[in-house]
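Reader: I would like a close look at a single part of this model, set in the context of the whole chain. Please take me through it carefully, with the cut-offs behind each term.

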Amino acid sequence: LGVKRGLTDREYKVAYLKVAKASHPDAHPNDPAATARFQRAAWAYEKVRDAAARGAYEGELAAQRGRQGQARGSPGGQQQWQQQAYYQQRQQQQQQQQGPSAAETWARASSDVAAMAEAFADWLSEEALGRRRDFEADLNQAVDAARRRDWAAVRGFAYRHSGALASVVIPAVLFLRYPPAAVALVRFLG
């Protein structure tokens, strides 16, 4: 899930919802790896979704570390450790298949409206920040193009961002053309 240990149940759920949304197979129909990422996220969330699941998973990890330490310290331990690692990996794969499906995990986690709202707000702020950076980079390129007198590039910028330009230019023109209306609007809104 890409998070540190020691989070609350809600924080783990929000982290899962963000990863699951980013890798959901319905959002990436032409990406066969999306299903695997979605299933891995569901498996990881099932391991940490509540205190009992986290405790069981910590126990599994502690037992695994103990077996690895014993195997490495004994004669021929490296081969034995590799065999154990292989069988543990197979066991985890079988547990993944036997546990709740990724779709069931998604349905259960997404039923928490507050967690969904929090995950959506996080995603929206990240998306807005990304779009702002893209806009600023595009604006800098348009300014450089205007300095070079490359009007085709400036027109391209104006075409791509016509909504943003209209929301700034039209009010500015109206305020400059009709100053009393601008004063009245400021008083009304203030």
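Author: **Helix α1 and its surroundings**

The chain has nine helices and zero strands, where helices (H or I, at least four residues) and strands (E, at least two) are DSSP runs numbered from the N terminus. This is a predicted model, in which local features need pLDDT of at least 70 and side-chain atom pairs count only at pLDDT 80 or more, while totals for chains, interfaces and linings use all residues. Residues are numbered from 1 along each chain as its sequence is written, and side-chain values use heavy atoms, with hydrogens and water left out.

Of the 190 residues in the chain, 22% are buried, a term that means under 20% relative accessible area, with exposed meaning over 50% and partly exposed in between (1.4 Å probe, protein chains only). Among the contacts in the chain with a separation of 6 or more, 55% are between residues 24 or more positions apart, contact meaning heavy atoms within 4.5 Å.

Helix α1 covers residues 9-23, and its 15 residues reach 21 Å from the first C-alpha to the last, close to the 21 Å expected at 1.5 Å a residue; the expected span is 1.5 Å times one less than the number of residues. Its buried residues are Y12, K13, V14, A15, Y16, L17, A20 and S23. An α-helix has 3.6 residues a turn, so residues three or four places apart point the same way.

V14 lies in helix α1 and counts as buried because its relative accessible area is 5%. Leaving aside neighbours within four places in sequence, V14 is in contact with A115, E118, A119 and D122. The C-alpha atoms of V14 and A119 are separated by 5.2 Å, although the two residues are 105 residues apart along the chain.

Helix α6 (residues 113-147) also holds D138, which counts as buried because its relative accessibility is 13%. Beyond residues up to four places away in sequence, D138 touches F157, R160 and H161. The side chains of D138 and H161 are joined by a polar contact of 2.7 Å, that is, a pair of N or O atoms within 3.5 Å of which, within protein, one must be able to donate a hydrogen and the other to accept it, residues adjacent in sequence counting only if both atoms are side-chain atoms.
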